Amino acid sequence: MENTEHTQLRESLRAAERAEAAPWIDYPPTPAWYPVSVALWAAALTMSFAIESTPVRLVVVFALVGLELGFIVWYRRYRGTMPAGKVPPELARPFYGFMAANLAIAGGALLIARTSTVWAAAIFVFVVVIPSLVWYERSYARAAARTRARLDAA
Amino acid sequence: MSGTEQTSALHGLDPTLTAPKRLAAMALLSRSNSTDFAFLREHLGVSDSDLSKQMSALEAAGYVKVAKSGRGRGSSTTFSITKAGRRAYQVHRDTLAAILAD
């Protein structure tokens, strides 16, 4: 009797562990236009720093931030959920790697803008963001598959 | 009756969360800002009416918040976990793990 109860509790805990990971690992395919769109957006944000008029620059930056927020709202609906909280261990490498890549790209763009021109920095951002996102998407998908395999096999 | 008062003396498990579907729904919501009705239904593998029933029980316990927008075909229902729900889920999960570790 106790064994049956323990088996049921164990199954409940396994189902809970799988459900905890679901918002992170169950997601629809990322649209093909996503990497190029993000690269264009990041390049446009970089270019905005070349605008000399502060009010105009602020309007452009707010418009770009608004566009990003609109994308987040759309993506949450498309995905059906928005993950939050503890990241499954398999996803930590691509997730934090992507954060580090973003910082490195921003640092590189700043360096180029200071030593060359904002145009050159924008081109650098556009060119580097695309492979960075493609790497992130593929790396994330592989890690999500490993997480699914671990939790479904448990 | 609050979530704490509901906590079962037996094993220290919360009776609201002993139903596997409700526990799985709480687990999913504990790792998201908000989640659609359809995503929950597909993950839990339940019918619309069953999910509505389970989520109503969680809402009545004060563990989830429900947000509805639009009407007709374009309407959507989303769920998010409350502070009390997060606390209750964590206590229940920790208790479950402790029982199984014995």
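This is a short walk through a predicted model with chains A and B, stop by stop.

Before you click anything, note that residues are numbered from 1 along each chain as its sequence is written, while chains are lettered from A and ligands numbered from 1 in the order in which they are written. Because the model is predicted, local features need pLDDT of at least 70 and side-chain atom pairs count only at pLDDT 80 or more, whereas totals for chains, interfaces and linings use all residues.

**Stop 1: chain A on its own**

Select chain A and hide the rest. You'll find 5 helices and 1 strand, running α-α-α-β-α-α along the sequence. (Helices are DSSP runs of H or I with at least four residues, strands are runs of E with at least two, and both are numbered from the N terminus.)

Turn the chain around: its C-alpha atoms fill a box of roughly 75 × 25 × 25 Å along the principal axes. The radius of gyration of chain A is 21 Å, where a compact globule of 154 residues would have one near 15 Å. That radius is taken over C-alpha atoms, and the globule rule is 2.2 Å times the number of residues to the power 0.38. Buried residues make up 18% of the 154 residues in chain A. Buried here means 20 or more other C-beta atoms within 10 Å of the residue's own, exposed means 12 or fewer, and partly exposed is in between, with C-beta atoms placed from the backbone.

**Stop 2: the annotated spans**

Now colour residues 32-51, 58-75, 95-113 and 118-136 of chain A, which an unreviewed UniProt entry annotates as "transmembrane region". UniProt positions are given in the numbering used here, feature names are shortened, and annotations may be inferred rather than shown by experiment.

Compare two of them. Residues 32-51 of chain A are 75% helix and 0% strand, with end C-alpha atoms 31 Å apart. Residues 118-136 of chain A are 100% helix and 0% strand, and their end C-alpha atoms lie 26 Å apart.

Inside helix H5 (residues 118-153) of chain A, pick Val128(A). Val128(A) counts as partly exposed because 17 other C-beta atoms lie within 10 Å. Add Ala101(A) too: 27 residues from Val128(A) along the chain, with 9.8 Å between the two C-alpha atoms.

**Stop 3: where the chains meet**

Bring chain B back. The contact takes 20 residues from chain A and 20 residues from chain B. (Two residues are in contact if their C-beta atoms, placed from the backbone, lie within 7 Å.) On the chain A side, the elements giving two or more residues are helix H1 (2-25) and strand S1 (81-83). H1(A) supplies the largest share, 12 residues.

By type, the chain A side divides into 11 nonpolar, 5 polar and 4 charged residues. For that count, Ala, Val, Leu, Ile, Met, Phe, Trp, Tyr, Cys and Pro are nonpolar, Asp, Glu, Lys and Arg are charged, and the others, Gly among them, are polar.

**Stop 4: the shared sheet**

Show the strands of both chains. An open sheet of 4 strands has the order S1(A)-S1(B)-S3(B)-S2(B), with antiparallel pairing. Strands pair if DSSP finds at least two bridges between them. The edge strands, each pairing on one side only, are S1 of chain A and S2 (64-69) of chain B.

Start at the chain A edge: S1(A) and S1 (residues 32-36) of chain B share 2 antiparallel bridges. Click Pro83(A), and you'll see Ser32(B) opposite.

Next, S1(B) pairs with S3 (residues 76-81) of chain B over 2 antiparallel bridges, and Thr35(B) stands opposite Phe79(B).

Finish with S2(B) and S3(B), an antiparallel pair over 6 bridges. Val66(B) stands opposite Phe79(B), and Ala67(B) has Thr78(B) as its bridge partner. The hairpin has 6 residues between these strands, and Gly70(B) takes a positive phi near 75° in it.
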